[in-house]
Amino acid sequence: MASSSSGSNRQVSLTTTNNVSLKSQSTDFDHQRWLFESKGKYGIGNACWQDDDNKGKSFAEFMDKPWKPLTRKTSVPASVLSPYRVLVAIRLVTQFFFLSWRLQNPNFDAMWLWGVSISCEIWFAFSWLLDQLPKLNPINRATDLVALKDKFESTSMDNPKGRSDLPGVDVFISTADPDKEPPLVTANTILSILAVEYPIEKVSIYISDDGGAILTFEAMAEAVSFGNLWVPFCRKHNIEPRNPDSYFSQKTDPTKNKKRPDFVKDHRWIKREYDEFKVRINGLPDVIKKRCERYNHREEMEKNHGSASAEAVQNTKATWMADGTHWPGTWLNPVADHKKGDHAGIIQLMSKVPETEPVMGIEDEGKLDFRDVDVRLPMFVYVSREKRPGYDHEKKAGAMNSLVRASAILSNGPFILNLDCDHYIYNSMAIREGMCFMMDRGGDRICFIQFPQRFEGIDPSDRYANHNTVFFDENMRALDGLQGPVYVGTGCMFRRYALYGFSPPRAIEYSGIVGQKKKPAATLSPNDSLKAVSDQDVETTAPNEEHPDLNLPKKFGNSTMFVDSIAVAEYQGRPLADHVSVKNGRPPGALLDPRPPLDAPTVAEAIGVISCWYEENTEWGERIGWIYGSVTEDVVTGYRMHNRGWRSIYCITKRDAFRGTAPINLTDRLHQVLRWATGQFIVPNIDATFLTYLLLMTITLCLISLLEVKWSGIALEEWWRNEQFWAIGGSSAHLAAVIQGLLKVTAGIEISFTLTSKSAGEDEDDVYADLYVVKWSSLFVMPLTICITNIVALIMGTARTLFSVIPQWNKLVGGAFFSFWVLAHMYPFMKGLMGRKGKVTTIIYVWTGILSITVSLLWISISPPDDTAKI
């Protein structure tokens with residue numbers, strides 16, 4: 001196991017042992033009931049901050065500096081955007097005339113098919129309009145990191161050491177099952193965050209282990225131990241990316257742009273250390289199993305030593321920690337109080353709270369020379385919320401809300417960065433990029449910064465549109481020109497205050513049709529009381545007007561320490577008041593002082609707010625935090641903040657901010673698609689009017705697509721891949737999502753949450769091996785039906801035309817064109833069914849036969865042969 005950092009800090013591990021007792025705790029309860037001493041095997045439980053004498057300083061000279069904006073906004077060139085808007089207008093008019101013609105010319109031979117067709121075409125036109133309107137005003141944004149450093153980290157008379165005045169950031173990582181989310185992938189993500197380029201004392205990392213697995217817990221301890229070597233190495237040689245697995249997997253020359261003469265020696269040494277680290281991580285399951293067998297055997301021997309009958313003693317097979325105590329989470333052999341959905345809450349500080357001043361390393365004989373390198377690590381906390389039977393734990397949204405409360409007690413960073421366990425920091429300056437927007441003029445009205453998702457381990461052709469570049473680089477950028485992009489679940493930096501359900505400062509309240517009035521700006525200070533916070537505009541259903549100080553406990557729970565942290569988070573999240581145009585700012589230098597000490601009562605309070613009963617009779621999940629009631633809690637949460645008047649920002653960096661590491665096969669990709677969109681082409685009788693409208697719409701659509709590719713900067717191949725997967729997803733996952741939604745609304749059937757398996761990327765022979773895995777899913781039925789229908793239609797249509805007395809080649813050409821068009825869109829789906837080396841699973845043959853027979857019989861029933869018709 002990982003050894004803890006040196007020092008005299010007391011080792012503390014915390015766990016809830018009786019949620020009933022904790023529920024009735026008093027203000028001065030005995031903390032020793034909730035804390036127990038560990039033996040220094042996993043990390044630091046208690047850490048003190050150094051005193052600072054830099055209080056009450058004047059920053060008058062700061063105001064004399066010329067004011068510089070931290071971000072700039074540029075529009076798409078008019079030479080590209082103006083023709084684009086004209087073409088959209090032309091296609092919209094043409095679409096209107098086309099639908100009018102279709103309604104006036106029904107197909108009386110197949111009215112039900114015509115009705116389905118026209119309904120789909122109208123819906124398709126409406127969805128196209130909704131998708132196209134935001135794209136009329138796309139914008140580009142850029143940040144100025146030099147100006148950010150000059151404004152917040154420059155030396156002055158009152159800040160001779162150049163301490164950072166930037167606000168704190170809490171980074172949230174979520175995981176649930178080490179079997180589907182390999183601990184090595186999660187550990188690499190943690191290492192990339194530990195090495196981020198941001199003031200170390202301002203960063204706090206939290207991992208939510210919703211499964212309460214000891215494997216994840218000990219893997220994180222190993223990650224921190226290796227981080228003591230990896231993080232200084234990254235800082236010394238300016239390593240990018242700072243995920244060791246991705247860094248060592250690069251095909252480029254590692255010595256490129258490296259000037260220090262000892263880099264080759266350090267690189268070779270750290271690579272060897274990382275290989276040993278991987279062996280330890282991968283060997284943890286066996287180590288834990290053997291340890292538990294050894295401890296259980298010893299305990300059984302001790303119990304049977306004084307017993308007259310060995311058979312009378314039944315020893316429970318417990319799961320043991322490395323320090324010789326029972327693991328309070330889920331056991332390998334589940335029992336009551338130690339299984340998924342029924343275990344105590346756990347908070348463990350894996351790395352101590354860093355000192356305020358830099359700590360330089362030393363030269364270690366035979367290892368790395370870390371002289372002149374800051375070797376501090378950010379605070380890293382393992383969190384597993386309490387779970388008990390009879391409580392709805394609300395899946396990922398509930399876990400994120402638990403992290404919000406626990407982090408507010410422990411570090412209370414005014415900004416929160418949310419990442420998945422396989423979504424690591426690819427650009428070490430990513431947090432600074434996002435902070436440029438939050439700390440710029442008007443940044444106090446921004447609720448979150450959404451970064452694009454980029455992935456590794458995807459084949460060069462991107463056959464399943466896993467990169468999804470059209471959505472991110474077109475749709476999200478277009479929405480940025482309006483109120484802002486949506487929240488997509490990961491790679492997002494939040495303003496903590498916005499998550500609490502407050503309205504933004506200078507928000508506009510609309511009354512009636514045209515009337516409006518401005519809401520008062522927030523004027524909180526870090527010393528504001530509970531009543532001062534409750535007087536602010538919080539969305540609520542039942543305010544207590546006589547006693548406003550009683551409103552917030554009802555909304556946020558009964559933790560006074562948590563409620564008192566709200567005003568502090570709001571104040572610290574404001575931009576600097578260094579210009580007359582900056583509204584609702586804070587004075588420069590307000591965040592130079594260190595945070596208060598982190599003591600045992602504080603951590604005990606954090607244990608209380610992750611209890612399963614804490615959210616009872618509160619507004620968590622309804623108006624506060626991540627919103628409950630949907631498997632797409634991310635989208636709903638973003639919408640709620642937008643509805644209150646907040647705006648969001650889409651931030652594209654020159655170097656990708658974050659990257660995912662798990663390749664996704666066809667089955668997993670379809671299960672990830674949750675958006676509803678579907679439409680089918682039914683070929684009507686072809687005449688001149690129809691062909692004219694169709695040709696005009698096709699030409700305008702192609703030109704619009706080319707201009708979209710131009711202003712978004714994506715490749716034409718990526719655009720075509722997106723179109724293909726839009727058709728695949730629209731006929732499978734989107735359709736299933738509609739059916740599931742209707743079942744939930746009408747019958748109350750809950751939608752299941754499926755955790756996507758992540759790959760550890762250990763197959764060196766074929767890095768894309770997981771892409772070729774074919775796992776049968778019910779989502780395959782509809783697109784497989786479409787493919788078979790079009791193939792059978794091509795065969796039958798060709799045969800009928802060839803053997804007809806008077807062949808109607810115009811109908812064959814028109815029908816064949818649309819069938820080939822559909823099959824071209826379905827090509828990635830059909831290729832995915834082939835799996836690796838073109839092998840088709842047996843179930844595909846079975847479904848193909850069944851569907852072929854069904855389609856043939858249906859066709860004969862609708863359009864019987866001429867001889868049968870005469871009879």
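**Exercise 1. Find how many disulfides this predicted model holds, and check how covered two of its cysteines are.**

Solution. Start with the count: it comes to zero disulfides. The cut-off behind that is a pair of cysteine sulfur atoms within 2.5 Å. Next, look at cysteine 421. Its relative accessibility is 2%, so it counts as buried. Then take cysteine 612, which has 14% relative accessibility and therefore counts as buried too.

**Exercise 2. Work out which parts of the chain the salt bridge between glutamate 357 and arginine 163 ties together.**

Solution. First, the overall tally: there are 40 salt bridges in the model. As background, side chains of opposite charge can pair when their charged atoms come close. For glutamate 357 and arginine 163, the closest N and O atoms are 2.3 Å apart. Now place the partners. Glutamate 357 sits in the loop between strand 9 (346-351) and strand 10 (379-384), and arginine 163 in the loop between helix 4 (145-152) and strand 5 (169-175), so the bridge ties together parts that are 194 residues apart in sequence. Finally, check the cover. Buried means under 20% relative accessible area. Arginine 163, at 13%, is therefore buried, while glutamate 357, at 22%, counts as partly exposed.

**Exercise 3. Trace the salt bridges of arginine 376 to glutamate 201 and to aspartate 374.**

Solution. Begin with glutamate 201: its closest approach to arginine 376, N to O, is 3.3 Å. Arginine 376 lies in the loop between strand 9 and strand 10, and glutamate 201 in the loop between helix 5 (183-194) and strand 6 (203-209), so this pair joins parts that are 175 residues apart in sequence. Move on to aspartate 374, whose salt bridge with arginine 376 has its closest N and O atoms 2.8 Å apart. How covered are these residues? Arginine 376 and glutamate 201 are both buried, and aspartate 374 is buried as well.

While you're on charges, pick out one network of salt bridges: it links Lys236, Arg260, Asp262, Lys265 and Asp266.

**Exercise 4. Describe the largest nonpolar core, then follow tryptophan 230 outwards.**

Solution. The general idea is that in soluble globular proteins, nonpolar side chains tend to be buried together. Here the largest nonpolar core has 80 residues, and Val171, Trp230, Phe277, Met435 and Ile449 touch the most other members. Helix 6 (residues 214-237) supplies the largest share of this core, with 13 residues. Another core, of 45 residues, lies apart from it and includes Ile347, Ala406, Val609 and Trp646.

Now zoom in on tryptophan 230. Skip its neighbours within four places in sequence, and its contacts are Leu191, Ile239, Pro241, Arg242, Asn243, Pro244, Tyr247, Phe248 and Ile270.

**Exercise 5. Map the nonpolar surface patch that includes Leu706, and name the helix that gives the most to it.**

Solution. Collect the members: Leu695, Ile699, Leu703, Leu706 and Leu716 form the patch, and together they have about 460 Å² of accessible area. Then assign them. Helix 19 (residues 688-712) gives the most, with four residues. Leucine 706 is in helix 19, and its relative accessible area of 48% makes it partly exposed.

**Exercise 6. Work out how far apart proline 77 and tryptophan 711 are, in sequence and in space.**

Solution. Along the sequence, the two are 634 residues apart, yet their C-alpha atoms are 8.2 Å apart in space. Proline 77 lies in the loop between strand 3 (71-75) and helix 2 (78-104). With a relative accessibility of 49%, proline 77 counts as partly exposed.

Key. Residues numbered from 1 in each chain as written. Predicted model: local features only at pLDDT ≥ 70, side-chain atom pairs only at ≥ 80, totals over all residues. Heavy atoms only, no water. Patch = residues over 30% accessible without salt bridge, like charges linked within 9 Å, V, L, I, M, F, W, Y side chains within 5 Å. Areas by Shrake-Rupley, 256 points an atom, 1.4 Å probe, with all protein chains shown as cover. Salt bridge = Lys/Arg side-chain N within 4 Å of Asp/Glu carboxyl O. Helix = DSSP H or I, 4+ residues; strand = E, 2+ residues; numbered from the N terminus. Buried < 20%, exposed > 50% of the residue type's maximum accessible area, 1.4 Å probe, protein only. Core = buried A, V, L, I, M, F, W, Y, C linked by side-chain atoms within 4.5 Å. Contact = heavy atoms within 4.5 Å.
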